[in-house]
Amino acid sequence: MSIIHVLLTGGVGSRLWPLSRKQSPKQYLDLFDGKSLFEMTVQRNQCVADKVVIVGNRDNTHLSHKAMVNCGLPYKNIVEATPRNTAAAIAFAALAVEPEDILIVTPSDHMISGNEAYADAIHKGVEKAKEGYVVTFGIKPTRPETGYGYIEYEDDLVKSFREKPNLDTAEDFLERGNFLWNSGMFCFQASVFLEELKLYEPKVYEKAKKAWEISKGGILDEELSLEIPSISVDYAVMERSKRIRVVPTSFEWSDLGSFEALYDYLVENGYPKDDNGNIVIGTETFTGFVGLKNTIFIYTKDAFLIVQKEKSQDVKKIYNMLDKLQSKLLD
């Protein structure tokens with residue numbers, strides 16, 4: 001039995017445009033003392049996993065390879081021909097290893113602090129996975145966050161999964177004290193996950209298995225991949241499985257999914273800001289702010305973005321507008 005870190009590298013980080021692009025998603029940006037979120041995720045899991053499996057796409061596989069060379073680690077590469085969401089991505093990883101292997105599944109673009117607490121949580125998850133459970137990791141909330149999904153729990157039992165709430169509901173969750181942020185991290189035996197996927201989403205299982213069986217060198221066929229229903233692992237398995245368990249965690253966590261989250265992380269770690277809380281990312285050219293507070297100025301070679309910290313979620317609207325126009329500014 002091997003313990004294998006499965007790294008999901010899909011997604012373009014649309015709420016971090018223009019820093020994050022299709023050709024250079026946020027997980028590969030060297031924003032953190034010369035390291036990327038991808039590299040930090042790999043290194044964090046070295047202490048708990050024997051091997052690494054990367055599930056990515058044709059656009060980012062070269063970036064994953066470059067990062068793995070920097071980390072100095074061998075890995076198994078799975079290249080999706082077209083994105084089919086997380087249920088299929090994890091299925092490919094489970095099909096690529098031995099049935100008894102334990103998979104620790106993580107996104108590649110999250111920021112986590114507290115290595116000891118992280119390792120402790122993962123070890124607890126592995127022990128539960130060895131007992132045949134499907135394990136999810138929940139983050140103890142520190143604020144009424146509306147950008148995350150929630151897990152209602154008691155001890156290690158999951159009572160319900162909740163979608164991203166409005167502010168009043170998020171405040172209620174925080175006050176009740178039995179809700180965790182859904183981290184999007186999981187742990188299970190490969191065979192157990194495939195059994196549950198086959199039970200609840202047999203078409204995803206069968207089509208993913210077929211695509212994997214004729215793949216060459218980990219590269220999947222596009223025509224067969226398009227036959228796989230695009231369904232998240234949360235909907236396909238986590239919200240329906242009778243074998244689900246949760247590990248409440250105490251480490252600091254952020255999905256860095258918005259400029260507000262990136263701002264908070266940078267400022268907490270000494271990034272310069274002016275007297276009104278304004279910051280500049282991407283240039284050392286003097287930038288002055290007049291009449292503005294908590295504003296972020298993002299500079300790139302072909303686009304500028306000026307956003308109030310509290311409105312960071314709305315950056316996706318600009319991304320979607322450019323997407324409709326098929327703008328090269330997204331590449």
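This is a short tour of a few places in the structure, to follow in your viewer. Keep in mind as you go that the model is predicted.

**Stop 1: helix H11**

Start by selecting residues 315–324, which make up helix H11. Now show the side chains of Val 315, Tyr 319 and Leu 322, which are buried. These three cover an arc of only 65° around the axis, so they sit on the same side of H11. There is a general pattern behind this: an α-helix has 3.6 residues a turn, so residues three or four places apart point the same way.

What do the buried residues of H11 pack against? Add helix H10 (259–268) and strand S14 (304–308) to your selection, and you have both partners. Then turn the view around to the face of H11 that points away from the buried side, where you will find the exposed residues Lys 317 and Lys 324.

**Stop 2: just past the helix**

Move along the chain to Gln 326, which follows H11 and has a positive phi, near 55°. A little further into the segment after H11, select Leu 329. Is Leu 329 buried or partly exposed? Its relative accessibility is 26%, so Leu 329 counts as partly exposed.

Leaving aside neighbours within four places in sequence, Leu 329 is in contact with Trp 17, Arg 21, Asp 302 and Leu 322. Leu 322 is one you have already met, as a buried residue of H11. For a sense of scale, pick Val 126 too: Leu 329 and Val 126 are 42 Å apart in space, C-alpha to C-alpha, and 203 residues apart in sequence.

**Stop 3: strands S12, S13 and S14**

Next, select strand S13, residues 295–299. Four of its five residues are buried, so S13 is largely enclosed by the rest of the structure. Bring in strand S12 (residues 279–281), which runs parallel to S13 and is joined to it by three bridges. S14, which you selected at the first stop, pairs with S13 in the antiparallel sense over five bridges. S13 and S14 form a hairpin, with four residues between them.

Which residues stand across from Ile 296? Ile 279 stands opposite Ile 296, and in S14 the bridge partner of Ile 296 is Val 307.

**Stop 4: Thr 9**

Finish in the loop between strand S1 (3–8) and helix H1 (37–45), where Thr 9 is found. With 0% relative accessibility, Thr 9 counts as buried. Leaving aside neighbours within four places in sequence, its contacts include Gln 27, Phe 38, Asn 60 and Ser 108.

How values were computed
Residues are numbered from 1 along each chain as its sequence is written. This is a predicted model: local features need pLDDT of at least 70, side-chain atom pairs count only at pLDDT 80 or more; totals for chains, interfaces and linings use all residues. Side-chain values use heavy atoms; hydrogens and water are left out. Buried means under 20% relative accessible area, exposed over 50%, partly exposed in between (1.4 Å probe, protein chains only). Helices (H or I, at least four residues) and strands (E, at least two) are DSSP runs, numbered from the N terminus. The arc is that of the directions from the helix axis to the C-beta atoms. Contact means heavy atoms within 4.5 Å. Two strands pair if DSSP finds at least two bridges between them.
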